[in-house]
Amino acid sequence: MEGKLYAMGVGPGASDLITVRAARILSRLDVLYAPAGRKEGDSLALSIVREYLSSHTEIRTCHFPMSSNDEEKQVVWDEVAQQLKDEVMKGRQVGFITLGDAMLFSTWVFLLARIGRQEWLEIIPGITSFAAIAARTVLPLAMEQQSMAVMSCTAPEAELEQALQNHDCVVLMKVYGRFAMVCTLLARLNLFEHALLMADASLPGEQCWRRLDQVAIDQKLPYFSTILVNKQWRTGE
């Protein structure tokens with residue numbers, strides 16, 4: 001059998017939110033690469049898919065540094081990308097999993113830049129965290145001529161403000177650590193009644209706040225925290 005690499009988005013957290021296609025592929029892999037938040041640490045992505053794996057699948061966790069040291073990160077991306085290619089060349093069925101969707105704010109994209117478009121590569125889309133949040137909170141994202149922006153809160157405040165002013169719906173990802181700044185911005189633009197915050201969507205510890213003006217500005221948020229803003233809808237209960 002010819003080798004193949006599957007990059008799979010495994011959704012926001014609940015194991016039953018991965019796609020049927022991803023589940024079928026996971027069941028026949030020879031080796032699976034799973035990102036871990038820290039060295040020798042657990043992998044949330046792996047915990048999501050573990051029930052779909054065959055007993056013969058070899059599992060390899062890999063830690064991708066979150067530091068500002070670009071050289072350190074480049075070395076890890078280079079090493080993992082080379083390992084993935086080497087395994088495919090051996091004729092193995094190889095998987096790489098990532099939270100949400102593989103092509104959005106994902107470590108996989110850095111690996112893709114090194115691997116390139118290949119006949120032996122297939123990318124399996126996954127449910128994004130904000131799609132899950134919209135569904136769970138019954139807050140539409142966009143309709144008809146409305147526009148939507150997906151922003152990382154690590155972007156400059158001026159760019160976040162521009163997105164909030166120019167679009168009907170804005171998804172603010174990576175809120176963790178920038179919550180105070182984002183709240184100040186939303187208050188200045190009078191958007192509190194159109195915004196909600198959800199942390200750990202679809203996971204057992206899921207939390208939702210529909211009134212951001214009632215959340216302490218110094219609230220310590222879980223790492224997986226996202227704010228949805230829709231100017232056409234009020235989010236308060």
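Here is a chat between a visitor and a guide about the predicted model shown above.

Visitor: Hi! What kind of model is this?
Guide: Hello! This is a predicted model.

Visitor: Good to know. What is the volume of the largest pocket?
Guide: The largest pocket has a volume of about 1,200 Å³.

Visitor: And how many residues line the largest pocket?
Guide: Its lining is made up of 40 residues. Nearest to the centre of the pocket lie Met-66, Phe-105, Lys-174, Tyr-223 and Phe-224.

Visitor: Which elements give two or more residues to that lining?
Guide: Those are strand 2 (31-36), helix 2 (44-49), helix 3 (70-89), helix 4 (107-115), helix 5 (129-137) and strand 10 (225-230).

Visitor: How does the lining of the largest pocket split by class?
Guide: There are 21 nonpolar residues in the lining, along with 14 polar and five charged ones.

Visitor: You mentioned Lys-174 near the pocket centre. Where does Lys-174 lie?
Guide: Look at the loop between strand 7 and helix 7, where you will find Lys-174. Its phi is near 55°, which is positive although the residue is not glycine. In general, most residues other than glycine have a negative phi.

Visitor: Is Lys-174 buried, exposed or partly exposed?
Guide: Lys-174 counts as partly exposed because its relative accessibility is 35%, and the partly exposed range runs between 20% and 50%.

Visitor: What about Glu-144, what is its phi?
Guide: Glu-144 also has a positive phi, near 50°, and is a residue other than glycine. Glu-144 sits in the loop between helix 5 and strand 6. With a relative accessibility of 72%, Glu-144 counts as exposed.

Visitor: Let's switch to helices. Which residues of helix 4 are buried?
Guide: In helix 4, the buried residues are Trp-108, Leu-111, Leu-112 and Ile-115. They fall within an arc of 105° when you look down the helix axis, so they line one face of helix 4.

Visitor: Why would residues a few places apart point the same way?
Guide: An α-helix has 3.6 residues a turn, so residues three or four places apart point the same way.

Visitor: Neat. What covers the buried residues of helix 4?
Guide: The cover includes strand 1 (4-9), helix 3, strand 4 and strand 5 (121-124).

Visitor: And helix 6, which of its residues are buried?
Guide: For helix 6 (residues 157-166), the buried ones are Leu-160, Glu-161, Ala-163 and Leu-164. These residues are on the same side of helix 6 because they cover an arc of only 160° around the axis. Over on the other side of helix 6, Ala-158 and Asn-166 are exposed.

Visitor: What covers the buried residues of helix 6?
Guide: Strand 6 (148-152), strand 7 (169-173), helix 7 (179-188) and strand 10 are included in what covers them.

Visitor: Now the inside. How many residues are in the largest nonpolar core?
Guide: That core has 26 residues, and those touching the most other members are Met-151, Leu-172, Phe-179, Leu-186, Leu-212, Ile-227 and Val-229. Two or more residues come from each of strand 6, helix 6, strand 7, helix 7, strand 8 (195-199) and strand 10. Helix 7 gives the largest share of this core, six residues.

Visitor: Where is the place of Leu-186?
Guide: Leu-186 is part of helix 7. At 0% relative accessibility, Leu-186 counts as buried. Setting aside neighbours within four places in sequence, Leu-186 is in contact with Leu-164, Leu-191, Phe-192, Ala-195, Leu-212, Ile-227 and Val-229.

Visitor: How far apart in space are Leu-186 and Leu-160?
Guide: They are 9.9 Å apart, C-alpha to C-alpha, with their positions 26 residues apart in sequence.

Visitor: One last topic: the start of the chain. Where does Met-1 lie?
Guide: Met-1 belongs to the segment before strand 1, and with a relative accessible area of 83%, Met-1 is exposed. Leaving out neighbours within four places in sequence, Met-1 is in contact with Gly-91 and Gln-93.

Visitor: What separates the C-alpha atoms of Met-1 and Arg-92?
Guide: The separation is 7.8 Å, although Met-1 and Arg-92 are 91 residues apart along the chain. Arg-92 itself is found in the loop between helix 3 and strand 4 (93-98). With a relative accessible area of 23%, Arg-92 is partly exposed.

Terms used
Residues are numbered from 1 along each chain as its sequence is written. This is a predicted model: local features need pLDDT of at least 70, side-chain atom pairs count only at pLDDT 80 or more; totals for chains, interfaces and linings use all residues. Side-chain values use heavy atoms; hydrogens and water are left out. On a 1 Å grid over the protein atoms alone, a cavity is a set of points where a 1.4 Å probe fits but cannot get out, and a pocket is an open set with protein on both sides within 12 Å along at least five of seven lines; lining residues have an atom within 4 Å of a point. Grid points are joined across faces, edges and corners, and a volume is the space filled by probe spheres set on the points. Helices (H or I, at least four residues) and strands (E, at least two) are DSSP runs, numbered from the N terminus. Ala, Val, Leu, Ile, Met, Phe, Trp, Tyr, Cys and Pro count as nonpolar, Asp, Glu, Lys and Arg as charged, and the others, Gly among them, as polar. Buried means under 20% relative accessible area, exposed over 50%, partly exposed in between (1.4 Å probe, protein chains only). The arc is that of the directions from the helix axis to the C-beta atoms. Contact means heavy atoms within 4.5 Å. A nonpolar core is a set of buried Ala, Val, Leu, Ile, Met, Phe, Trp, Tyr and Cys residues joined through side-chain atoms within 4.5 Å.
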